[in-house]
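Me: Please take a close look at a single helix of this model, and then set it against the rest of the chain. I would like one connected account rather than a list.

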Amino acid sequence: MKSKQGMGWMGLAVAVSFVLIGSSLYAVTPSGEEGAPSLRPAQPLAQGDSLFMAGKAHEAADFYEMALRDNPGKPTILTRLGAAYARTGDMEKARKAYEEALATEPHEAITHFHLGNVLAALSLWDEAIAEYRQCIALSPDMPEVYEAMGKALRTKHQISMVRHLEVQA
């Protein structure tokens, strides 16, 4: 365990210790009311990234949520959270995270692409196509966007054809 002396609230000295549990680094800081120390990941964003890369999207989402508590509304964290939720199959939460990220950084092409993929997974074809178009407008050199938009357009067309045939029957 390593300790680091720092200046806390109102210039008071605060001791912060770091402890390694498994492969995770935690910060041990004084809590407030009862004086018992609290244990929380020292770098939740980095921990989330490591877990996400290791294929542990559920656990990564927990760390990204923790990072968001420290940095509310930060688009880069929201985008990573959206990716983690999408990988777990929770498309509604992924959608919400991507939409929150875009509310702050609307010119982030890759986030429009990922939101389009989530909307396509939810069968919201018009919305998905709109996100793909926005992505292309911002960054026209992403071939995967054209492919995804083509699939969305074909699927939307096929659904329209089926509905048209059902009406005629």
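Reply: The part chosen is helix H2, residues 57-70. Its 14 residues should span 20 Å at 1.5 Å a residue, and the end C-alpha atoms are indeed 20 Å apart, so the expected and modelled lengths agree. The model is a predicted one, and this agreement is therefore between an expected span and predicted coordinates.

The buried residues of H2 are Ala57, Ala60, Ala61, Phe63, Tyr64, Met66, Ala67 and Leu68. In an α-helix there are 3.6 residues a turn, so residues three or four places apart point the same way. Among the buried positions of H2 are Ala57, Ala60, Ala61, Tyr64 and Leu68, and Phe63, Met66 and Ala67 belong to that list as well.

Methionine 66, which lies in helix H2, has a relative accessible area of 18%; it counts as buried because the cut-off is under 20%. Its C-alpha atom is 6.3 Å from that of proline 44, with the two positions 22 residues apart in sequence numbering. Alanine 57, another of the buried residues of H2, can be placed relative to glycine 89: the two are 32 residues apart along the chain, and their C-alpha atoms are separated by 9.8 Å. Glycine 89 belongs to the loop between helix H3 (75-88) and H4. With a relative accessibility of 47%, glycine 89 is partly exposed.

Now the setting of the helix. The protein chain has seven helices and four strands, and their order along the sequence is β-β-β-β-α-α-α-α-α-α-α. Of the 169 residues in the chain, 32% are buried. Among contacts with a separation of 6 or more, 28% are between residues 24 or more positions apart. The chain exposes about 10,600 Å², of which carbon and sulfur atoms supply 57%.

Confidence varies along the chain. The mean pLDDT is 80, and 70% of the residues reach 70 or more. Among the elements, strand E1 (residues 2-7) has the lowest mean pLDDT, 39, and helix H4 (residues 91-104) the highest, 98. The pLDDT is below 50 over residues 1-30, a stretch with 64 contacts in the model beyond near neighbours in sequence. Residues 32-39 also have a pLDDT below 50, and this stretch has 15 such contacts. Where pLDDT is low, the predicted coordinates should not be read in detail.

Elsewhere in the chain, arginine 87 lies over the face of phenylalanine 52, at 3.9 Å from the ring centre.

The later helices offer further detail. The structure holds one aromatic pair. It is formed by phenylalanine 113 and tyrosine 132, with 6.1 Å centre to centre and 45° between the planes, and it is tilted. Phenylalanine 113 is in helix H5 (residues 109-121) and tyrosine 132 in helix H6 (residues 125-138), so the pair links parts of the chain 19 residues apart. Both phenylalanine 113 and tyrosine 132 are buried.

Valine 145, in helix H7 (residues 143-168), brings a further helix to this pair. Not counting residues up to four places away in sequence, valine 145 touches Phe113, Tyr132, Cys135 and Ile136. The C-alpha atoms of valine 145 and phenylalanine 113 are 6.5 Å apart, although the residues are 32 apart in sequence. Valine 145 is buried, at 1% relative accessibility.

Helices H5 and H6 also meet through leucine 138, which is in helix H6. Leaving aside neighbours within four places in sequence, leucine 138 is in contact with Pro106, His107, Glu108, Ala109 and His112. Leucine 138 and alanine 109 are 29 residues apart in sequence and 5.6 Å apart in space, C-alpha to C-alpha. At 31% relative accessibility, leucine 138 is partly exposed.

The loop between H5 and H6 contains serine 123. Most residues other than glycine have a negative phi. Serine 123 is not a glycine, yet its phi is positive, about 60°. Its relative accessible area is 44%, which makes serine 123 partly exposed.

How values were computed
Residues are numbered from 1 along each chain as its sequence is written. This is a predicted model: local features need pLDDT of at least 70, side-chain atom pairs count only at pLDDT 80 or more; totals for chains, interfaces and linings use all residues. Side-chain values use heavy atoms; hydrogens and water are left out. Helices (H or I, at least four residues) and strands (E, at least two) are DSSP runs, numbered from the N terminus. The expected span of a helix is 1.5 Å times one less than its number of residues. Buried means under 20% relative accessible area, exposed over 50%, partly exposed in between (1.4 Å probe, protein chains only). Contact means heavy atoms within 4.5 Å. Accessible areas come from the Shrake-Rupley method with a 1.4 Å probe; for residues, only the protein chains shown count as cover. Rings of Phe, Tyr and Trp (its six-membered ring) pair if their centres lie within 6.5 Å; planes under 30 degrees apart count as stacked, over 60 as edge-to-face and the rest as tilted. A charge sits over a ring if NZ of Lys or CZ of Arg is within 6 Å of the ring centre and within 35 degrees of the ring normal. pLDDT is the predictor's confidence in each residue, from 0 to 100.
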